[in-house]
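Colleague: Please take me through one part of this model in detail, namely the packing in its interior. A plain account with residue names will do.

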Amino acid sequence: MRIVLANNYTRVTGGADLHCLELAKGLRERGHEVTFIATSDPRNVDKEGVFLPTIVTRETRAETTGIRAAQVACRAIWNPSAAAATKELLSSFRADVVHVHKLYPQLSVAPVVVASGRGVPIVQTVHDYEFISASTIDDTGHWLDHDEDRFSYRALNTLLFGVKRLIHSSRVDNWISVSRSTDQAYRKRGIATTVLPNFTEPFTGELPHFEDRKGVLFIGRLSEEKGLRHVLELPKHLPGLSILVAGDGPLSNEVQRAAQLFPCVTYLGKLDRDAVARQLASARLVVMPSLWREPGPLAALEAMAAGTPLIAYDSGGLAEYVADAAAGIIVQPSVTLLANAITSIYDDRERWEMLSSSARDAVQRDHTRSVYLDRLEKLYVDSMESNSHSSHAP
């Protein structure tokens, strides 16, 4: 089978990018031909495909103003280079399926429009709520973005939501969501999805035991919706307990201030993949107090693979993953409840080992790449057959 993966990046800027890279690797191992349409960057991990200039990044968005901002907006709506590249790629590669992930603002709707016009089946994985709300972190269906700090980006996201709903969505043959929670949110807005929970690989090597693990780890984007400020309140409730924070984002300065104020807080900065794995395996607990309905974060599965129990808030696919696996504790959003849950596990070796074992078993049973690909390949075949029947319908 020949598959085009369409995604903004083939370097890791978030979970969707890592998902795509691991997906490409797994599909190739099964004998499929895989190529990308994405953006060019010296840090690209996968270099098989067509790569276009990057429009704007998190690092450059602050200085993107005036005429340049207008150009970014126009290309986010329709990127002519992405359209031309998709036409050329589909002609030379003869794709059986185009599997779309994150396209905006880099690639625009162009790859979807071109592939649909060529009669190539389109599979769309949703990694957030961008097709049911103007804000990617809003599961309630608002047509206006209220989450971005800058008005220009709120306006662009609102405009792009119209493009996604009116042009993009109608051309998708099959939708994939990464959790039941996400599927329910999309179905409420008229989009039926197939639930394929995210995947990771089981931890290789010997894992540290209970007595060799120290500290409570938060790992992820340093932003308000991730519940980071709740984490930074923990030293007031659990003085002396080691709190480790890894990642980067808009609240990095607050983490640095907390590390200066509380000796028990350590800021690890942004970590590479190997360092992430080491930290997950050396921490005694991982906390993920997300304040939005996270669809299915890979970091939670990576923690489970490392046998590290999680404490999460009762919301979204994140809570679903932890609860289904019996891999930790789910609490209502509250710093006090978060602290109490940490206390209930941290020194209880018997309970910790039970949760750790359940977490590892769940990854092996439900969340390996092999399990995911078995179901994905079937969905690809179904998409091709459905597309073929509709193409030949009288």
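Modeller: V98 is a good place to start. Leaving out residues up to four places away in sequence, V98 is in contact with V4, L90, A115, V120, P121, I122 and V123. The model is a predicted one.

V98 belongs to the largest nonpolar core, which has 37 residues. Together with V4, L90, V100, L103 and Y186, V98 is among the residues that touch the most other members of that core. Two or more residues each are given to this core by β1 (2-6), α3 (80-93), β4 (97-100), α4 (110-117), β5, α5 and α6 (180-188). Helix α3 supplies the largest share, six residues. Another core lies apart from this one; it has 33 residues, including V216, L234, F262 and L338. In soluble globular proteins, nonpolar side chains tend to be buried together.

V216 leads on to the strands. Strand β8 (residues 216-219) runs parallel to β11 and is joined to it by two bridges. The bridge partner of V216 in β11 is L285. Strand β11 spans residues 285-288 and is covered on both faces. L285 and V287 are buried on one side, and V286 and M288 are buried on the other. β11 is also joined to strand β12 (residues 310-313), by three bridges, and these two strands run parallel. Here M288 has A312 in β12 as its bridge partner. Between β11 and β12 the chain passes through helix α11 (residues 298-305), and this β-α-β crossover is right-handed.

A charged residue deserves a look as well, D128. D128 sits in the loop between β5 (122-126) and α5 (151-168). Is D128 buried or exposed? Its relative accessible area is 8%, which is under the 20% cut-off, so D128 counts as buried. The side chain of D128 has two polar partners to report. One is the side chain of K102, with a polar contact at 2.5 Å. The other is the backbone nitrogen of E130, which the side chain of D128 reaches at 3.1 Å. Not counting residues up to four places away in sequence, D128 touches K102, T136, Y186, W292 and P295. Y186 in that list is also one of the residues with the most contacts to other members of the largest nonpolar core.

How values were computed: Residues numbered from 1 in each chain as written. Predicted model: local features only at pLDDT ≥ 70, side-chain atom pairs only at ≥ 80, totals over all residues. Heavy atoms only, no water. Helix = DSSP H or I, 4+ residues; strand = E, 2+ residues; numbered from the N terminus. Buried < 20%, exposed > 50% of the residue type's maximum accessible area, 1.4 Å probe, protein only. Polar contact = N/O pair within 3.5 Å; in protein donor to acceptor, adjacent residues only side chain to side chain. Contact = heavy atoms within 4.5 Å. Pairing = 2+ DSSP bridges. Right-handed = clockwise from strand over helix to strand, strands pointing away. Core = buried A, V, L, I, M, F, W, Y, C linked by side-chain atoms within 4.5 Å.
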